[in-house]
Amino acid sequence: MKGGISSSSSVAQPPPAAAPVDSDDSAWSHCTLPDTNKKHSLMCNYCGKVCTSRITRIKLHLACIKKSGVAPYPKVPSDVKDQMLALLLKKDEANQKKANELEKIRGEVDLDHSEGESLSEDDGNEVIVLKSRKGTSSSTCGPIEKFCKPSIEVAVKKNSLSQKDGPTAYEMGGPFLQKRKRKLMESFKNHHDAWSSTGCTVMTDAWTDKRSRGVMNLVVHSATRALFLDSVDCSSIKKDGKYIFELVDKCIDDIGADKVVQVVTDNASVNVAAASLMKAKRPSIFWNGCAAHCIDLMLEDIGKLKPVDKTIAQARQVTVFLYAHTRVLALMRDVLGNDLVRSGMTRFSTAYLNLKSLQDNKKELQKLFRSEELDEMGYLKKAKGKKAMKTVQSDPFWKRVDTAVNFFEPMANLLRRMDSDVPAMGFFHGCMLDAKKGNFCEV
């Protein structure tokens, strides 16, 4: 059929029968329906290409429109090509006309009145605006004014009508700012009272922002709640034990040495050196390490054990394979009913949660890797797929998973308790005893 059609006339060889549809669009005469059950699957009469979706794709195909998402047919008869171009232009003009009419209708609606009267215009447009309730002030914002802030134009108009001038730059940076500061400092009175009656704890938190700047935060915790005190940019300063000691010592002087019970930091070596200097100057103040950070370091040491480290690496190979392909991931979620990877508060708590998830979904994972659906995808024939399948089908791997979970679980549960918002220091000793009684000591 392709060879018998001329590039200048469409009558050299009659096209196949048109699709049986009830439409005035002449483009339907240039395509057919290969399957009457699929009304959106249309086949070109000239090249046999099947286009899904609407008749517009057939028009783009025969009009040879480039970069339209449809492959053009360069040998289409010239009169058919011109006809399709005319139909596309006609449709664009109709859409543009419709958009202009809607824009015109929107522009004719007047929402600037709020007196409740019926507004009639010369062209017959009538807009009825509801009155505001009794006792409420009239405003151009309408009945939802209480849910939004007035615009700049409305605020300026109100100020001009009431003959009130806004604050000057001096007032904003001087008296108003000082007034706001005094009000804020007054709100700290409950904290200061708690510091005097029950004492407080000074906590430090060092971190790095997105611009790689080192920042040290100082927070004071008491029976009332935590209060942010100061933040120091220490990017250009060597953060050794002496610097941290001076920073914390100045904070204690500002609060009052008689009000501070202890200082809590992480267990870094520089903080240990700062604790020695603090003990020499202020022997009545305790310097304690963060319990959550200490437990996390214990989890890190557990993760460095060879059997546990090997198990984590093998488990990571399985999860990376499952999450690297969208079809495999969708099949996994369908079989398991949920996600396999879980995130924890720290790196090694995340490792424990993922091993625990593997342990809980052992049967489902083995069923997944034996399924015909996964085998037909072809990913199991690749190197990563072979390694993942070998790992899941290995009995020694699952035994090491059980062992690693027994190592991690008591300390991970303790870390979750210590890192919660509820004060947990009173439960720490008991939780540690429970961890020793469990499988942690038996393994």
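**Exercise 1.** Which residues are linked with Asp249 in a network of salt bridges?

*Solution.* First, the ground rules. This is a predicted model, where local features need pLDDT of at least 70, side-chain atom pairs count only at pLDDT 80 or more, and totals for chains, interfaces and linings use all residues. Residues are numbered from 1 along each chain as its sequence is written, and side-chain values use heavy atoms, with hydrogens and water left out.

Now the criterion: a salt bridge puts a side-chain nitrogen of Lys or Arg within 4 Å of a carboxyl oxygen of Asp or Glu. Go pair by pair:

- Lysine 281 bridges to aspartate 249, with the closest N and O atoms 2.7 Å apart.
- Arginine 282 also has a salt bridge with aspartate 249, again at 2.7 Å between the closest N and O atoms.
- For arginine 282 and aspartate 253, the closest N and O atoms are 2.5 Å apart.

So Asp249 shares its network with Asp253, Lys281 and Arg282.

**Exercise 2.** Work out whether each member of this network is buried or partly exposed.

*Solution.* Use the cut-offs: buried is under 20% relative accessible area, exposed is over 50%, and partly exposed is in between (1.4 Å probe, protein chains only).

- Aspartate 249 has 8%, so buried.
- Arginine 282 has 12%, so buried too.
- Lysine 281 has 46%, so partly exposed.
- Aspartate 253 has 47%, so partly exposed.

**Exercise 3.** Where is glutamine 393?

*Solution.* Look in the loop between helix H15 (383–392) and helix H16 (395–418); helices are DSSP runs (H or I, at least four residues), numbered from the N terminus. Then check distance: the C-alpha atoms of glutamine 393 and lysine 362 are separated by 9.9 Å.

How values were computed:
Helices (H or I, at least four residues) and strands (E, at least two) are DSSP runs, numbered from the N terminus.
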